[in-house]
Amino acid sequence: MNLKNALSLPIFNNISNAADALELETYVIGGFVRDYLLKRNKEVKDIDVVAVGSGIALARKVSQILPNKPKVQVFKTYGTAMLRSGNMDIEFVGARKESYATDSRNPVVEDGTLEDDQNRRDFTINALAIKLNDNGYGDLIDPFDGISDLERKIIRTPLDPDITYSDDPLRMMRAIRFASQLDFMIERTSLESITKNAERIKIITNERIVDELNKIMLSPTPSKGFLLLEKTGLLPYILPELMALKGIDEIEGQKHKDNFYHTLEVVDNISEHTDDLWLRWAALLHDIGKAPTKKFSKKVGWTFHGHEFVGSKMVYKLFKRLKMPLNDKMKFVQKMVLMSSRPIVISEDHVTDSAVRRLIFDAGDHIEDLMTLCEADITTKNPKRFKRYHNNFKVVREKMKEVEERDHVRNFQPPVSGEEIMEAFNLKPGREIGILKEAIKEAILEGDIPNEKEAAIAFMIKKAKDIKLIK
Ligand code: ATP
Ligand code: MG
């Protein structure tokens, strides 16, 4: 098969010229070829090039040919080199043969042929190569019939899966990530082999695991990936907190729902409304506090008191363990988990202005995200309830709009500043100022006074009398 048409980007012409100048047999391989055939190539971010010989020499030559002479980054230990062209990372590697020792992901590497290099690839669909030399330009080299696997949507390893996965256990995560991202099936012996080798995931660094988890998270239906992680036994090593949500207990005929499957439904639901990785993480973790807080009592049945608070604390530990960023993204996820029941509690009751004001105040700029999460959280299979819950949130949203237009509490700025308080009572900085500020804020959120200066000053004077600051 000839795939010249895949090579329309000008960079391929440059690589081809460089390869012929050095008389190096050269191919584009891996993700680029796969995505071209799957028509997923709209925005090419990285291209992998393999040369039978020195990939580093080829990268240098390509840089010389390019008008802007981009810098070549060389990774000597791996025998690879990279350069940036436009928005693309072009990675060059010399064809190689790999063999592994059992206690490490790092293989012993020797120079090899194209075939050796294709053998060391993770999946048949990632081993497809297109020739770039003038002689044979565009020829597809597909020794494992990856083309059929692409058509049949199958993830399969080029070699015995037991060897492929045990050599580099990260490939287990990659298999599941591709299955989720591309909506492919993992071929049976592969799945068995992942299950058998699951424990070996322990030798993979958290950073790499999280890279794959994030890609699963961003796939169209993330539950597909998480169900595979669970089915193969990988999940307990990666996200034991999630695993702990699985199962239904029954005491005296009373059951609670399976919070693992519920959570996955919530993640799928939210993925229809947002591509935000962190909001999707919030959906995945919104109920993790339910495992440690679960209780049964004869009076009220199953309860998960305080699971939001406990869950938000667990978010920090989980991010830390997985070496995920402990920055504002983590804080956002914590906040979503902590507040995840607030709109529900409001909506179940008569929706009061003050409850809505407090919700908007506490959620701040994340109020929309929080509502999106709560709506995704509705997974009841009872159509009447489904409709009722959604309607309740509609009422909350309407009330939110009304209250926000009137009271502007979303990015609350106190109508009387600390300086103004000090000036009014001729005070030095101290405890009283905080007390008065807090009292004004509370009065506004409660709806005792409007969010306006005049009313706030009158209230402040009254309060100052109450606390005997003035007579
Ligand atoms: P994407 O870039 O969309 O994540 P990709 O297939 O291009 O997918 P990369 O991580 O960019 O993935 O790797 C490029 C190629 O290198 C792959 O297509 C595959 O051929 C090979 N490869 C990457 N990681 C491994 C691995 N752990 N084991 C074997 N081959 C791998
Ligand atoms: Mg890639």
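A residue counts as near a molecule if one of its heavy atoms lies within 4 Å of it. The model is predicted: local features need pLDDT of at least 70, side-chain atom pairs count only at pLDDT 80 or more, and totals for chains, interfaces and linings use all residues. Residues are numbered from 1 along each chain as its sequence is written, chains are lettered from A and ligands numbered from 1 in the order written, and side-chain values use heavy atoms, without hydrogens and water.

**Exercise 1.** Describe the shell around ligand 1 by its residues and their classes.

*Solution.*
- Step 1. Ligand 1 is surrounded by 15 residues. The closest are Arg34, Arg121, Asn126, Asp168 and Arg171.
- Step 2. Sort by class: Ala, Val, Leu, Ile, Met, Phe, Trp, Tyr, Cys and Pro are nonpolar, Asp, Glu, Lys and Arg are charged, and the others, Gly among them, are polar.
- Step 3. The shell has 11 charged, 3 polar and 1 nonpolar residues.

**Exercise 2.** Find polar contacts (pairs of N or O atoms within 3.5 Å) of ligand 1.

*Solution.*
- Step 1. Take Arg34: an N or O atom in the side chain is 2.7 Å from an oxygen atom of ligand 1.
- Step 2. Take Asn126: a polar backbone atom is 2.8 Å from an oxygen atom of ligand 1.
- Step 3. Take Arg174: an N or O atom in the side chain is 3.0 Å from an oxygen atom of ligand 1.

**Exercise 3.** Which domains supply at least three residues each to the shell around ligand 1?

*Solution.*
- Step 1. Use domain bounds from an automatic or database assignment.
- Step 2. Domain 1 (4-149) and domain 2 (153-238) each give at least three residues.

Key. A polar contact is a pair of N or O atoms within 3.5 Å; within protein, one must be able to donate a hydrogen and the other to accept it, and residues adjacent in sequence count only if both atoms are side-chain atoms.
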